[in-house]
Structure formats: structure tokens, C-alpha cells
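I opened my notebook and started looking things up in this model. Here is what I wrote down, entry by entry.

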Amino acid sequence: MHRRSGRRGFTLVELLVVIAIIGVLVGLLLPAVQAARESARRSSCTNNLKQIGVAFHNHESAKKRLPAGHQHCSGNDPGWSWGVFILPYAEQTDMYNELFKATTSGSFVTLSSAMYTLKNTPNSLMAQTLLTPLSMYRCASDVTRSGNNLADFGKTVVHLAVSSGTFLPTSNYVASTGTTAPQNKTDPGGVLFGRQAFTDDVPSNGNFTSDKGMLGVPFRQITDGLSKTFLVGERSGATSQAEAQSPGDRKASFAAVWVGDGCSTDGSSVEGAGRCYGRVSTSVALNVFNNTGYNGKFFNSLHSNGCNFLLCDGSVLFLTDDTATQVLVDMGLRSNGGP
């Protein structure tokens with residue numbers, strides 16, 4: 001007679017129980033893993049903003065003023081932004097010199113001229129520098145495209161370059177312009193910059209607006225206190241969390257671009273002067289993505305439940321979605337006497 005083997009396998013019921021247990025454990029662990037990953041991404045974003053803050057402080061120390069929000073050239077031309085002006089103070093001097101070089105006539109290349117270079121000689125060093133993504137301007141939580149699919153960026157040549165698939169690199173950080181619309185003009189009477197005005201526009205009540213040169217507000221004009229006032233905040237490239245996470249052609253057009261500011265609008269268009277600015281309002285909360293008329297002007301992010309802000313003292317503050325809009329306004333203005 002044959003002996004029966006003492007070995008036995010799992011029954012179907014036991015196997016199903018084990019699979020169910022594993023499924024439950026994965027279900028419990030997955031949110032924790034996702035939270036840990038988001039925490040790391042938010043930390044990376046914080047480090048980006050601190051690096052930007054150091055560059056701003058180095059600029060203010062050297063020039064005695066913050067940089068202008070963007071350089072105003074003419075009504076139809078785009079202009080270099082603060083993202084270019086702080087490059088020498090963020091260990092990117094070679095990029096700055098290539099972008100902002102002098103021509104044979106002794107004047108500096110404008111962004112409009114640089115965009116012509118991008119279209120006509122796309123393999124040139126200047127063109128390639130224009131297309132270089134910089135990690136310090138990109139939030140790890142934003143999963144939209146790294147190239148910003150702008151509909152327009154000033155003159156027709158830029159539109160042609162974009163329509164052919166040449167996208168400028170996205171930035172997730174925009175400079176605070178207070179409650180006023182991001183302007184593509186300078187401030188009247190030299191109120192903000194202490195020099196002769198050349199338009200009749202309303203000056204920003206935040207820390208940034210445009211200038212014919214490259215210099216902006218000195219720290220002494222931020223009378224609410226450097227630790228209580230926004231310098232830079234976040235903006236994602238999507239119009240909603242769902243759009244950012246969806247497969248297919250994820251947008252980037254609602255974020256900024258680090259090289260400059262767009263065409264001559266008052267900020268009512270996402271393709272316009274709001275390209276490197278963000279503002280605050282008592283009627284708009286954080287992380288409002290798709291509120292008609294507000295896209296491209298306010299602050300939002302793809303972090304869970306809030307946005308990072310760089311304050312004027314160089315520190316970074318994470319504000320949650322339920323932060324009172326009046327608090328946002330108080331921190332967005334440079335001299336309103338708010339908390």
C-alpha cells in the first residue's frame with residue numbers, strides 16, 4: 001500500500017482570503033505612500049521658493065531694489081520678466097548674459113528680438129537658452145507639460161513659433177502684484193519706482209509691476225513687514241485637478257513662463273500681462289482653477305489642500321485652501337497696515 005503524502009496545498013477559499021488580506025493592506029498603505037510622495041514634492045517646491053528668495057535678496061542687496069516684475073518695451077511687445085532678472089543671483093549668470101546680451105548698436109536684445117531668433121535660427125545658443133527648463137521654476141506636484149502651450153506671446157512671430165510646437169518652458173511661480181490687475185505698463189508719477197512715468201496706468205499695490213528698465217521696489221517700501229507680505233506664489237498649469245491628472249493632452253497654459261511677460265493686455269487674458277504675475281482678491285479663494293474671468297491671474301497649485309508662498313523675508317509659508325480671502329489680501333499688499 002502507498003503512503004499518503006503529508007503535503008497539502010491551499011484551498012481556493014484560503015487563497016481568496018489571502019488575496020483579500022493583501023488587497024486590504026495595499027488599500028491601507030497606498031494613501032500613506034501617496035501622502036509621503038506629495039510631502040516630498042511639496043518639500044521640493046519649498047526649496048525652489050527658498051532658492052528664488054535667496055536670489056531676490058541677493059538682487060536687492062546688490063541693486064538696492066527688487067527687480068521689476070517685467071520689462072515694459074512697447075504696447076505690442078513681450079518683455080523679460082523677473083525670472084530672467086534674478087538669474088545672475090541664482091548661479092545662472094551664463095544664461096542671463098546669453099539672453100540679455102548687447103547688440104552691435106550697444107542696446108540690449110529685447111524678448112521680442114530673442115523670439116525672432118527662436119523662430120529664424122532655432123539652433124542658436126540664444127534660442128536654445130530660451131527653451132531651457134529650470135528646475136527652480138517648476139513645482140514637482142504640477143504634472144502638466146513642461147512646455148507652456150501659449151496661444152500668443154506678443155507679436156505674430158511668437159504665435160507662429162508656438163503653433164509649430166515650440167513651447168516656452170513653464171514656471172509655476174508668479175510674482176505678487178497685490179489686488180491690482182497685472183499690468184503691462186509702468187506706474188504713473190514714479191510712485192512705485194521713483195522715476196518719471198511714461199503711461200497713465202494704475203500702479204501695483206503689491207510688490208511688482210512693469211518698468212522700462214529692470215528695477216522695482218526697495219524693501220523699505222514694504223511697510224507691512226517683510227515677514228507678512230507675499231513676494232511670490234504658486235500657479236499650476238491646469239484649469240482643474242482633474243485636468244492635470246487626466247491622460248492625454250495635459251495643458252500648461254495657465255501657469256507662467258520664466259523668460260518673460262506676454263502681450264499688451266491689462267491682465268484679463270492668460271496670454272497677456274498676467275504671464276508672470278499673480279494677485280489676490282476678497283472674492284477669490286486659493287486653488288480656484290476654473291472661475292470664469294479669473295484664470296491665469298490668481299494663485300493655485302496641485303498640492304493637496306493649499307499653496308506655497310515665498311514671503312519677502314525669504315521664508316516660505318504653506319496656506320491651506322480655507323485661508324480667509326481677507327488674509328490673502330492683507331498679505332498681498334505691501335503697505336495696507338494689515339496683519
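**Entry 1: Thr-229**

In which loop does Thr-229 lie? I looked it up in this predicted model: Thr-229 lies in the loop between β6 and β7, the latter being residues 230-234. Next I checked how much of Thr-229 is open to the outside, and its relative accessibility is 0%, so it counts as buried. Then I asked what surrounds Thr-229. Leaving out residues up to four places away in sequence, Thr-229 touches Asn-207, Ile-222, Asp-224, Leu-310, Leu-311, Cys-312, Met-331, Leu-333 and Arg-334. I picked Leu-311 out of that list and looked up the distance. Thr-229 and Leu-311 sit 82 residues apart in sequence, but their C-alpha atoms are 5.6 Å apart in space. Cys-312 is in the list too, and I noted that Cys-312 is buried, with a relative accessible area of 0%.

**Entry 2: the whole protein**

I stepped back for some totals. The protein has 339 residues, and 50% of them count as buried. I found eight helices and 12 strands. How much of the contact list comes from residues 24 or more positions apart? Among contacts with a separation of 6 or more, such pairs account for 69%. So much for the inside; I also looked up the outside. The accessible surface comes to about 15,300 Å², and carbon and sulfur atoms hold 55% of it.

**Entry 3: cysteines**

How many disulfides does the structure hold? I got zero. A reminder to myself: a disulfide is a covalent bond between the sulfur atoms of two cysteines. I tried Cys-307 to see why it has no partner. Its closest cysteine sulfur is in Cys-45, at 8.8 Å, which is too far for a bond, given that the cut-off is 2.5 Å. Cys-307 is buried as well, with a relative accessible area of 0%.

**Entry 4: Asn-300 and Asn-305**

Cys-307 came up again when I looked at Asn-300. Setting aside neighbours within four places in sequence, Asn-300 is in contact with Glu-234, Arg-235, Ser-236, Asn-287, Val-288, Phe-289 and Cys-307. Asn-300 lies in the loop between β10 and β11, and it is buried at 7% relative accessible area.

Asn-305 is found in the loop between β10 (277-278) and β11 (306-311). Is Asn-305 buried or partly exposed? I read 44% relative accessibility, so Asn-305 counts as partly exposed. One thing I underlined is that Asn-305 has a positive phi of about 70°, although it is not a glycine.

**Entry 5: Glu-91 and Glu-98**

I found a positive phi at Glu-91 too, about 65°, and Glu-91 is not a glycine either. Glu-91 is in the loop between α2 (82-85) and α3 (93-99). With a relative accessible area of 75%, Glu-91 is exposed.

I moved on to Glu-98, which is in helix α3. Glu-98 has 12% relative accessibility and counts as buried. What does Glu-98 touch, not counting residues up to four places away in sequence? I wrote down Leu-125, Met-126 and Thr-129. Glu-98 and Leu-125 are 27 residues apart along the chain, and their C-alpha atoms are separated by 7.6 Å.

**Entry 6: helix α4**

Which residues of helix α4 are buried? In this helix, residues 111-120, I listed Leu-111, Ser-112, Ala-114, Met-115 and Leu-118. Looking down the axis of α4, I saw that these buried residues fall within an arc of 160°, so they line one face of the helix. The textbook rule helped me here: an α-helix has 3.6 residues a turn, so residues three or four places apart point the same way.

**Entry 7: cavities and Thr-180**

My search of the whole structure turned up three cavities of 30 Å³ or more. I took the second largest cavity, with a volume of about 50 Å³. Its lining is Arg-279, Val-280, Ser-281, Val-284, Ala-285, Leu-286, Phe-298, Phe-299, Phe-309 and Leu-328.

Arg-279 led me to one last residue, Thr-180. Thr-180 and Arg-279 are 99 residues apart along the chain, with C-alpha atoms separated by 6.9 Å. Thr-180 is in the loop between β5 (173-176) and β6 (210-211), and it is buried, with a relative accessible area of 14%.

Conventions:
Residues are numbered from 1 along each chain as its sequence is written. This is a predicted model: local features need pLDDT of at least 70, side-chain atom pairs count only at pLDDT 80 or more; totals for chains, interfaces and linings use all residues. Side-chain values use heavy atoms; hydrogens and water are left out. Buried means under 20% relative accessible area, exposed over 50%, partly exposed in between (1.4 Å probe, protein chains only). Helices (H or I, at least four residues) and strands (E, at least two) are DSSP runs, numbered from the N terminus. The arc is that of the directions from the helix axis to the C-beta atoms. Contact means heavy atoms within 4.5 Å. Accessible areas come from the Shrake-Rupley method with a 1.4 Å probe; for residues, only the protein chains shown count as cover. On a 1 Å grid over the protein atoms alone, a cavity is a set of points where a 1.4 Å probe fits but cannot get out, and a pocket is an open set with protein on both sides within 12 Å along at least five of seven lines; lining residues have an atom within 4 Å of a point. Grid points are joined across faces, edges and corners, and a volume is the space filled by probe spheres set on the points.
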